[in-house]
Amino acid sequence: TIPTLLTFSNHPRKVLNSEKSGASIFSYEHRMELILKLGIQKIFVIHFNEKFSQLSALDFIQKILLGSFNSKAIITGEDFCFGKNRQGNVSFLKEILLPKNISVSIVAPVLHNKLPVSTTRIRSLLIDKNIKEVNQLLGREYSLKGIVQKGFGRGHDIGFPTANLTSETDIMPTEGVYITKTIFKGMIKPSITNVGNNPTFSSHQNPIALLVETHIMNETLPLYGEL
């Protein structure tokens with residue numbers, strides 16, 4: 001048996017126009033990297049769209065879990081729902097799969113301070129700048145990954161060079177200055193990161209969009225174009 005994960009490249013709520021947030025905490029590439037570090041050997045990624053949303057719960061099991069993946073065992077959370085209009089749940093999953101000798105394991109929620117750990121909680125904590133509790137819920141330090149883009153170079157001119165990070169994540173910590181670590185080619189460097197409008201050079205005449213700027217302490221590195 002090969003440990004395999006089935007996931008979506010995009011959040012279904014963005015397609016279904018749900019009132020609940022579909023904002024991603026990590027970019028797609030970053031998410032794949034983190035999943036592989038957990039010991040998952042294969043990842044099947046489905047792009048969720050309007051056509052897929054019309055798939056019935058039974059068709060999802062027969063065409064996806066059995067037909068495409070030939071599943072031998074299923075592990076999921078207790079609140080897992082699937083199929084058009086969320087028709088299917090874990091009870092239905094067991095009803096269809098157990099007679100086929102395919103095991104279904106239900107994982108209970110992980111609790112922190114007596115409340116379930118969830119993406120919704122982590123989003124709220126990021127917005128509140130509560131990085132300490134974000135790390136506790138994630139079980140690791142929160143990280144942001146992206147490509148370093150060339151900026152105006154004015155920070156370098158005043159002796160405070162910054163790396164301007166472009167990330168495809170939907171949500172990040174709100175505006176502020178954070179003590180961070182920057183990983184560059186496997187090396188961990190102490191750094192300071194500003195999230196928000198450029199505090200030194202922005203103006204009403206020349207507004208600057210929300211930026212992620214990192215200054216690596218006591219060192220200048222060739223970061224442009226690096227991940």
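**Sheet, helices and a salt bridge**

Modeller: Start with one pair: I147 stands opposite T166 in β8. This is a predicted model, where local features need pLDDT of at least 70, side-chain atom pairs count only at pLDDT 80 or more, and totals for chains, interfaces and linings use all residues. Residues are numbered from 1 along each chain as its sequence is written, and side-chain values use heavy atoms, with hydrogens and water left out.

Biologist: What makes β7 and β8 a pair?

Modeller: Their bridges do. Two strands pair if DSSP finds at least two bridges between them. β7 and β8 have 3, in the antiparallel sense, so they qualify as a pair. Strands (E, at least two residues) and helices (H or I, at least four) are DSSP runs, numbered from the N terminus.

Biologist: How many bridges join β8 to β11?

Modeller: There are 2, and the strands run antiparallel. That count meets the cut-off of at least two, so β8 and β11 pair. A163 has T214 as its bridge partner in β11.

Biologist: Which strands form the open sheet, and in what order?

Modeller: The order of the 5 strands is β7-β8-β11-β10-β9, with antiparallel pairing. β7 (147-149) and β9 (176-184) are the edge strands. Each has a single partner strand, so one side of each is without a neighbour in the sheet. On average, neighbouring strands are turned by 40° against each other, direction ignored.

Biologist: What joins β9 to β10?

Modeller: 9 bridges link β9 to β10 (residues 187-196), and the two run antiparallel. T180 faces S191 in β10.

Biologist: Now the helices. Why is α6 called roughly antiparallel to α7?

Modeller: The axes of α6 (residues 119-127) and α7 (residues 131-138) come within 8 Å and cross at roughly 160°. Angles over 145 degrees count as roughly antiparallel (under 35 is roughly parallel, 65 to 115 roughly perpendicular, the rest oblique), so that label fits α6 and α7. The crossing of α6 and α7 is left-handed.

Biologist: Which residues make that contact?

Modeller: R121, I122, L125 and L126 of α6 meet I131, E133, V134, L137 and L138 of α7. Contact means heavy atoms within 4.5 Å. By class, 7 are nonpolar, none polar and 2 charged.

Biologist: Why are α4 and α5 called oblique?

Modeller: Their axes cross at roughly 60° and come within 11 Å, for α4 (residues 57-68) and α5 (residues 90-97). Roughly 60° falls in none of the named ranges, so α4 and α5 are oblique to each other. Their crossing is right-handed. A57, L58, I61, L65 and L66 in α4 meet F92, L93, I96 and L97 in α5. The contact has 9 nonpolar, no polar and no charged residues.

Biologist: How do you know that D170 forms a salt bridge with K14?

Modeller: Check the distance. A salt bridge is a side-chain nitrogen of Lys or Arg within 4 Å of a carboxyl oxygen of Asp or Glu. The closest N and O atoms of D170 and K14 are 2.4 Å apart, so the pair qualifies. D170 lies in the loop between β8 (163-166) and β9, and K14 in α1 (residues 12-16), so the pair ties together parts 156 residues apart in sequence.

Biologist: How many salt bridges does the structure hold?

Modeller: It holds 5.

How values were computed. Axes fitted to C-alpha atoms, helices over the stretch in contact; angles between N-to-C directions. Left-handed = near helix turned anticlockwise from the far one by under 90°. Nonpolar A, V, L, I, M, F, W, Y, C, P; charged D, E, K, R; others polar.
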